[in-house]
Amino acid sequence: MSLRVFHVVFITVSILLAAFVAAWANGQYRLEHEVAYAVTGVGALVLGGGMAAYGAAFLRKTRNL
C-alpha cells in the first residue's frame with residue numbers, strides 16, 4: 001500500500017468518524033438539551049467538511065503520481 005493510498009484511507013476514516021460523532025452528539029442533545037452536545041455536533045460537522053475539502057484537494061494534487 002502506497003503512502004498516497006494510506007493517506008486517502010485515513011482521511012476517509014476520519015470523515016466517517018466525524019460523521020458518527022456528529023450523529024451521536026445530535027442524539028445526546030435531543031435527550032439532554034445541553035449546549036456542549038450542540039457545539040460538539042456542529043464542530044464535528046465543520047471538521048468533517050474541512051477534511052472532505054482537504055481530501056479533494058489532496059486527490060487533485062496527487063492525481064498524476
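**Briefing: helices H1 and H2**

Leu45 is a residue of helix H2. In this predicted model, Leu45 is exposed, with a relative accessible area of 58%. Helix H2 covers 35–61, helix H1 covers 3–32, and His33 lies in the loop between them. The axes of H1 and H2 come within 8 Å and cross at roughly 160°. Because angles over 145 degrees count as roughly antiparallel, H1 is roughly antiparallel to H2.

**Helix H1**

- H1 is made up of 30 residues. From its first C-alpha to its last it reaches 43 Å, close to the 44 Å expected at 1.5 Å a residue.
- The buried residues of H1 are Ile11, Ser14, Ala18, Ala22, Ala25 and Gln28. These buried residues pack against H2.
- An α-helix has 3.6 residues a turn, so residues three or four places apart point the same way.
- Gln28 is located in H1. Its relative accessibility is 18%, and the limit for buried is under 20%, so Gln28 counts as buried.
- Leaving aside residues up to four places away in sequence, Gln28 touches His33 and Tyr37. Of these two, His33 belongs to the loop between H1 and H2, while Tyr37 is one of the buried residues of H2.

**The loop residue His33**

- His33 follows just after H1 and takes a positive phi of about 55°. The sign is positive here in a residue other than glycine.
- His33 has a relative accessible area of 57%. Exposed means over 50%, so His33 is exposed.
- His33 is also one of the residues that Gln28 touches.

**Helix H2**

- H2 has 27 residues. Its reach from first C-alpha to last is 39 Å, close to the 39 Å expected at 1.5 Å a residue.
- The buried residues of H2 are Tyr37, Gly41, Ala44, Gly48, Gly55 and Phe58. What covers them includes H1.
- Gly55 sits in H2. With a relative accessibility of 11%, Gly55 counts as buried.
- Ala36 is placed in H2 as well. Its relative accessibility of 47% makes Ala36 partly exposed, because that class runs between the 20% limit for buried and the 50% limit for exposed.

**How H1 and H2 meet**

- The crossing of H1 and H2 is left-handed. By class, the contact of H1 with H2 has 18 nonpolar, 7 polar and 2 charged residues.
- On the H1 side, the buried residues that pack against H2 include Ile11, Ala18 and Ala22.
- On the H2 side, H1 is part of what covers the buried residues, among them Ala44, Gly48 and Phe58.

**C-alpha distances**

- Leu45 and Val21 are 24 residues apart in sequence, and their C-alpha atoms are 8.6 Å apart in space.
- Gly55 and Gly27 are 28 residues apart along the chain, and their C-alpha atoms are separated by 27 Å.
- Ala36 and Gly49 are 13 residues apart in sequence and 20 Å apart in space, C-alpha to C-alpha.

Note on methods:
Residues are numbered from 1 along each chain as its sequence is written. This is a predicted model: local features need pLDDT of at least 70, side-chain atom pairs count only at pLDDT 80 or more; totals for chains, interfaces and linings use all residues. Side-chain values use heavy atoms; hydrogens and water are left out. Helices (H or I, at least four residues) and strands (E, at least two) are DSSP runs, numbered from the N terminus. Buried means under 20% relative accessible area, exposed over 50%, partly exposed in between (1.4 Å probe, protein chains only). The expected span of a helix is 1.5 Å times one less than its number of residues. Contact means heavy atoms within 4.5 Å. Axes are lines fitted to C-alpha atoms, for helices over the stretch in contact, and angles run from 0 to 180 degrees between N-to-C directions. Angles under 35 degrees count as roughly parallel, over 145 as roughly antiparallel, 65 to 115 as roughly perpendicular and the rest as oblique. A crossing is left-handed if the near helix is turned anticlockwise from the far one by less than a right angle, and right-handed if clockwise. Ala, Val, Leu, Ile, Met, Phe, Trp, Tyr, Cys and Pro count as nonpolar, Asp, Glu, Lys and Arg as charged, and the others, Gly among them, as polar.
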